[in-house]
Amino acid sequence: MKIGFVTFCTENYINIMDNLVESVLSFSKYNITVYSLNFDYRHESNRVIVKRVDLETLTYFNICKMKIFASIDCGLDVGLILDGDMILTNQIDNIFDENI
């Protein structure tokens with residue numbers, strides 16, 4: 001079973017989203033898939049899967065639709081969508097381990 005996290009961001013929020021990614025890498029054994037909207041996101045960890053998506057316009061509506069798109073496209077059997085301004089704790093894997 002493929003389990004992991006999914007998030008997305010625009011270039012304006014890279015610094016905030018970097019904190020989320022680092023918390024996943026620090027506190028979880030699962031990978032995170034990052035959908036970068038209209039830019040190339042780079043991270044040195046092989047636990048960070050990057051998928052670029054080019055949107056014609058970065059409207060609020062189009063960005064919100066990315067949650068649905070990411071949940072379908074990510075290829076995970078069980079995934080947790082995270083907003084870019086979240087920070088995980090060392091208990092996060094319990095959400096999977098206790099419910100699957």
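Four aromatic pairs turn up in this predicted model, and they make a friendly place to start exploring. A pair of aromatic rings is described by the distance of the centres and the angle of the planes. For Tyr35 and Phe69, the ring centres are 6.0 Å apart and the planes meet at 80°, so this pair counts as edge-to-face. Keep an eye on Tyr35, because this residue lies in strand S2 while Phe69 belongs to helix H2 (residues 60–73), so the pair ties together parts that are 34 residues apart in sequence.

**Aromatic rings and their surroundings**

- Is Tyr35 buried or exposed? Its relative accessible area is 0%, so Tyr35 is buried.
- Its ring partner has another setting: Phe69 is partly exposed, with a relative accessible area of 37%.
- Leaving aside residues up to four places away in sequence, Tyr35 touches a long list of residues, including Val6, Thr7, Phe8 and Cys9, along with Lys51, Val53, Met66 and Phe69.
- Ala70, Asp73 and Cys74 are also among the contacts of Tyr35.
- Asn12 sits 23 residues from Tyr35 along the chain, and the C-alpha atoms of these two are separated by 14 Å.
- Elsewhere, ring pairs link Phe5, Tyr30 and Phe96 into a cluster.

**The sheet**

- What is the order of the strands in the sheet? The sheet is open and has four strands, arranged S3-S2-S1-S4 with parallel pairing.
- S3 and strand S4 (78–81) stand at the edges with a single partner strand each, so one side of each has no neighbour in the sheet.
- On average, and ignoring direction, neighbouring strands of this sheet are turned by 25° against each other.
- S1 and S2 run parallel and are joined by seven bridges.
- Looking along this pairing, you can find Thr7 opposite Val34 in S2, and Thr10 with Leu37 of S2 as its bridge partner.
- Helix H2 lies across S1, S2, S3 and S4, and runs at about 140° to S2.

**A closer look at strand S2**

- How many residues of S2 are buried? Six of its seven residues are, so the strand is mostly covered.
- Thr33 is found in this strand, and it is buried because its relative accessible area of 4% falls under the 20% cut-off.
- Beyond residues up to four places away in sequence, Thr33 touches Phe5, Val6, Thr7, Ile49 and Lys51.
- After the strand, Asn38 lies in the loop between S2 and S3.
- The phi angle of Asn38 is near 65°, a positive value in a residue other than glycine.
- Asn38 counts as partly exposed, at 28% relative accessibility.

**Helix H1**

- Does the length of H1 fit what we expect, and what is the expected span? At 1.5 Å a residue, its 14 residues should span 20 Å, and the end C-alpha atoms are 20 Å apart, which agrees.
- Which residues of H1 are buried? They are Met17, Leu20, Val21, Ser23, Val24 and Leu25.
- An α-helix has 3.6 residues a turn, so residues three or four places apart point the same way.
- The buried residues of H1 pack against S1, S2 and strand S3 (48–53).

**The nonpolar cores**

- In soluble globular proteins, nonpolar side chains tend to be buried together.
- The largest nonpolar core here has 18 residues, and Phe5, Val21 and Ile32 have the most contacts inside it.
- Strand S1 (3–10), helix H1 (14–27) and strand S2 (31–37) each supply at least two residues of this core.
- H1 gives the most to the core, with five residues.
- Val21 touches Ile32, Val34, Tyr41, His43 and Val48, not counting residues up to four places away in sequence.
- There is also a second, separate core of ten residues, which includes Val6, Leu37, Leu55 and Ala70.

Notes:
Residues numbered from 1 in each chain as written. Predicted model: local features only at pLDDT ≥ 70, side-chain atom pairs only at ≥ 80, totals over all residues. Heavy atoms only, no water. Core = buried A, V, L, I, M, F, W, Y, C linked by side-chain atoms within 4.5 Å. Buried < 20%, exposed > 50% of the residue type's maximum accessible area, 1.4 Å probe, protein only. Contact = heavy atoms within 4.5 Å. Phe/Tyr/Trp six-rings, centres within 6.5 Å; stacked < 30°, edge-to-face > 60°. Expected span 1.5 Å × (residues − 1). Pairing = 2+ DSSP bridges. Axes fitted to C-alpha atoms, helices over the stretch in contact; angles between N-to-C directions.
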